[in-house]
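User: Hey, can you walk me through this model? I'd like to hear about the empty spaces and how far to trust it.
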Amino acid sequence: SRLAVTAVERKATAALGFVVDHFLLLPIGVLIALVWANTAGESYFRFAHAVRFPVNDIGMVFFIGLITEEVLEAVMPGGALYRWRRTLLPVVAALGGVLGATAVYLLYLQSQCEFMLLDAWPVAAALDVAFAYFIAKAIFPRREGPIAFLLLIAVVSDALGVVSIAIWFPAGDGYPAALGLMAVAVLVAAWLRSARIDRIWLYVITSGTLSWLACLWGGISPALALVPIVPFLPHRPRGLDLFVEAPPAAPRRFEHVFRYPVQVVLLFYGLVNGGVVLAGETPGAWAVLTAALIGRPIGILASVALGMAAGLRLPAHLRWRELIVVSLAASAGFTFALFFATAIMPPGPLLGELKLGALSTAAGALVALAAARILRVGRFTATQAGKPTRRLAWLHM
């Protein structure tokens, strides 16, 4: 009957809305890819090879641009990380996380006498921005501070990795010309800003395209093309929530145009990059996973403690129990680790080990969710008359 069809449509719409609102398209794509690669590997890798470039190097440009804008607005007046004492602390945390992950990675490989993988330490230092946002939104759906803190850690960590690879593993000799083209892209964006042009598409088509070409020419992932352009876009300080509709009076922002297409991109992003064959000896994979789940959280927590002792401050709604969960949520290297691995290591068994390790760090999402449930933070918060339970009161100190 018509009523039954309408009820089914409502349920289907609600289910789709739940998937989109909870950022589940990315892990769905990863799971499909993992099953496909291990059951029909030839067809999967043929598909992944065909669509990798438009997904990773074009579609992801907009997601990385959105994340960059959110981090930038978080440090503006009124943002969750406004004032230098709050802005600098996640930068210090990122440095500590990179050092902790690298140290554990190197120590593990030396203990296994696997010296051929030592130079691939940037893989252990990678932090996937998309997965970090997915985990943060799953745990802290309405908390700006933890999300901003985690995203800034991710951006700084990957920036360190990109710079390290550019210095120690150069992809070619096109850097001088690429830097010149990037300078032109930034100048065009600056001119558009000085002319008070608020049409986002004009920035993307002109300076964004030039920046994309500069990244491609210079051997840097083109997905980072909008990072140097975003600071010149029209901004307003606000909370960190990419997919919440702005008030009617608010200016039109480019994430309000791309928020749904970007989620489709993330589905394909997981589908293209998540397929890894589970086979063979894997000391490199265990090194990457151990570095992510142990080295990075310890490095983040230790560096935050030192930073706070030096006078830096945590953002609002981020105290030590939330920080423990954030440090675990920062363990997923996933596709940024895959990108670093392919930039450093030639095709072969060693690259396969690194790729498997990069994929396995997605388990950090489950670890972070479990920790959030145990510590009762974010969506798992337990209160009595608006006050924390006595059992966890010490973590609010």
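Analyst: Sure. A word to start with: a cavity is a set of grid points where a 1.4 Å probe fits but cannot get out. Also keep in mind that this is a predicted model.

User: OK, so how many cavities of 30 Å³ or more are there in the whole structure?
Analyst: The search finds 1. The largest cavity holds about 30 Å³ of space.

User: Which residues line the largest cavity?
Analyst: Its lining is made up of Tyr203, Val204, Leu226, Ile229, Val230 and Leu233.

User: And by class, what's in that lining?
Analyst: There are 6 nonpolar residues, with no polar and no charged ones.

User: What about pockets? What volume does the second largest one have?
Analyst: About 520 Å³. Helices H3 (41-74), H7 (144-168), H8 (175-194) and H9 (200-218) each give two or more residues to the lining of the second largest pocket.

User: Which helix gives the largest share of that lining?
Analyst: That's H7, with 7 residues. The lining has 23 residues, and those nearest the centre of the pocket are Val162, Ile220, Leu224, Val227 and Pro228.

User: How does the lining of the second largest pocket split by class?
Analyst: It has 20 nonpolar, 2 polar and 1 charged residues.

User: Switching topic: how far apart are the end C-alpha atoms of helix H4?
Analyst: They're 40 Å apart. H4 covers residues 84-111, which is 28 residues, and at 1.5 Å a residue it should span 40 Å, so the two values agree.

User: Which residues of H4 are buried?
Analyst: Among them are Leu89, Pro90, Ala93, Ala94, Gly96 and Gly97. Further along H4, Tyr105 and Leu109 are buried too.

User: What follows H4?
Analyst: Cys113 does, and its phi is positive, near 55°.

User: Now the trust part. What pLDDT does the chain average?
Analyst: The average is 79, and 80% of the residues score at least 70.

User: Which elements have the highest and lowest mean pLDDT?
Analyst: Helix H11 (residues 283-309) has the highest, at 94, while strand E1 (residues 383-384) has the lowest, at 42.

User: Where does pLDDT stay under 50?
Analyst: One such stretch is residues 237-252, where the model has 42 contacts beyond four places in sequence. Another is residues 383-397, with 17 contacts of that kind.

User: How should I treat stretches like those?
Analyst: Where pLDDT is low, don't read the predicted coordinates in detail.

Methods. Residues numbered from 1 in each chain as written. Predicted model: local features only at pLDDT ≥ 70, side-chain atom pairs only at ≥ 80, totals over all residues. Heavy atoms only, no water. pLDDT = per-residue confidence, 0-100. Helix = DSSP H or I, 4+ residues; strand = E, 2+ residues; numbered from the N terminus. Contact = heavy atoms within 4.5 Å. 1 Å grid on protein atoms, 1.4 Å probe; cavity = no way out; pocket = protein on both sides within 12 Å on 5 of 7 lines; lining within 4 Å. Points joined across faces, edges and corners; volume = space filled by probe spheres on them. Nonpolar A, V, L, I, M, F, W, Y, C, P; charged D, E, K, R; others polar. Expected span 1.5 Å × (residues − 1). Buried < 20%, exposed > 50% of the residue type's maximum accessible area, 1.4 Å probe, protein only.
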